[in-house]
Amino acid sequence: MIYAILILSSFIAAFVSGAAGFGGALLLLPVVTACVGAEVAVPVLTIAQLIGNLSRMAFGIKQIDWKSVGLFCATALPLAALGALGFSVLPKDMVTRCIGGVLIILVLIKVIKKLEFKNGKRAMIIGGAATGLLSGLAGSGGPIGAAAFLTLGLPPVAYIASEATTATAMHILKTVIYSKLIGLDLSALLTGLAMGAAMIAGTFASNRIIKKMEKGKFQIYVAVLLCVVGAYMLIFGG
């Protein structure tokens, strides 16, 4: 029953993200935490996101800006490792509260739209560090990495593929660290893979079905829901 809930939730989260433009991984995170516990929630979600980012990377592999990817990963990977280490050693209750706080902060950044980087190279370094730390600790760097890559002025395919390449590198590193420190079993791995497949299906479905919905209002609904869930996790913990 739990696995059915996770797969369905993954489909819905990707469906919502495709319609609202954000919130998929963030919306899924508290569901995964409730179903499998804070100890393995972020690792399982990392595996699920790895699949989606691999597909986005492969789609535009010939247009990847490897120099910018390298700059971003120079700070993102060490900080992602540090965040993953922190996740593995922090008490469950503190991890849950951290996830709740990150949910609220990232949603506010996305909705307020005040996150701007002025310099492309500086954006790669600073954005990589912030994204890596949050990704390792709470599973997602949210809009920070996206905002950093927007400063480069890349064509759409190059932008998507380059950002996805950095996410893929972080997810691979985090998966290795989580498996060593937390001891992920085959069940967790298969759960993450199944969720990833469901997220791909949900994204495909949203692109085909939700075209007439008023995007602005829907984004507000998603943002409010994420903030409510984040506030609950922040206040009550695990």
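**Figure 1. Helices α4 and α6 run roughly parallel to each other.** This close-up comes from a predicted model, and it shows α4 (residues 66-89) packed with α6 (residues 120-138). Their axes lie 6 Å apart at an angle of about 25°; angles under 35 degrees count as roughly parallel, so the pair earns that description. As for handedness, α4 passes α6 in a right-handed crossing.

**Figure 2. Here are the residues that join α4 to α6.** On the α4 side, look for K67, S68, L71, F72, T75, A76, L79, A80, G83, A84, G86 and F87. Facing them from α6 are K121, M124, I125, G127, G128, A129, T131, G132, L133, G136 and L137. By class, this contact of α4 with α6 holds 12 nonpolar, 9 polar and 2 charged residues.

**Figure 3. Helices α6 and α7 are roughly antiparallel to each other.** Their axes come within 8 Å and cross at roughly 165°. Since angles over 145 degrees count as roughly antiparallel, that is the label for this pair. The crossing, in which α6 passes α7, is left-handed. From α6, the residues A123, M124, G127, A130, T131 and L134 take part, and they meet I144, G145, A148 and F149 of α7. Sorted by class, the contact of α6 with α7 has 7 nonpolar and 3 polar residues, with no charged ones.

**Figure 4. Helix α7 is mostly covered.** This helix spans residues 143-150, and 6 of its 8 residues are buried. If you would like to pick them out, they are P143, I144, G145, A147, A148 and F149. Let us zoom in on A148, which sits in helix α7. A148 has a relative accessible area of 0% and is therefore buried, the cut-off for that class being under 20%. The C-alpha atom of A148 is 8.9 Å from that of I125, a residue 23 positions away along the chain.

**Figure 5. Helices α6 and α8 are oblique to each other.** The axes of α6 and α8 (residues 156-181) come within 11 Å, crossing at roughly 40°. This crossing is right-handed. The meeting residues are T131, G132, S135 and G136 in α6 and M170, H171, K174 and Y178 in α8. In the contact of α6 with α8, 2 residues are nonpolar, 5 are polar and 1 is charged.

**Figure 6. A197 is a partly exposed residue of helix α9.** Helix α9 covers residues 186-209. A197 has a relative accessible area of 45%, a value that falls between the 20% limit for buried and the 50% limit for exposed. In this view, the C-alpha atoms of A197 and F11 are separated by 8.5 Å, although the two residues are 186 apart along the chain.

**Figure 7. Stepping back, the chain has 10 helices and 0 strands.** Along the sequence, the pattern reads α-α-α-α-α-α-α-α-α-α. Of the 238 residues in the chain, 46% are buried. Taking contacts between residues at least 6 apart in sequence, 86% link residues at least 24 apart. The accessible surface of the chain is about 11400 Å², and carbon and sulfur atoms account for 71% of that area.

Technical notes. Residues are numbered from 1 along each chain as its sequence is written. This is a predicted model: local features need pLDDT of at least 70, side-chain atom pairs count only at pLDDT 80 or more; totals for chains, interfaces and linings use all residues. Side-chain values use heavy atoms; hydrogens and water are left out. Axes are lines fitted to C-alpha atoms, for helices over the stretch in contact, and angles run from 0 to 180 degrees between N-to-C directions. Helices (H or I, at least four residues) and strands (E, at least two) are DSSP runs, numbered from the N terminus. Angles under 35 degrees count as roughly parallel, over 145 as roughly antiparallel, 65 to 115 as roughly perpendicular and the rest as oblique. A crossing is left-handed if the near helix is turned anticlockwise from the far one by less than a right angle, and right-handed if clockwise. Contact means heavy atoms within 4.5 Å. Ala, Val, Leu, Ile, Met, Phe, Trp, Tyr, Cys and Pro count as nonpolar, Asp, Glu, Lys and Arg as charged, and the others, Gly among them, as polar. Buried means under 20% relative accessible area, exposed over 50%, partly exposed in between (1.4 Å probe, protein chains only). Accessible areas come from the Shrake-Rupley method with a 1.4 Å probe; for residues, only the protein chains shown count as cover.
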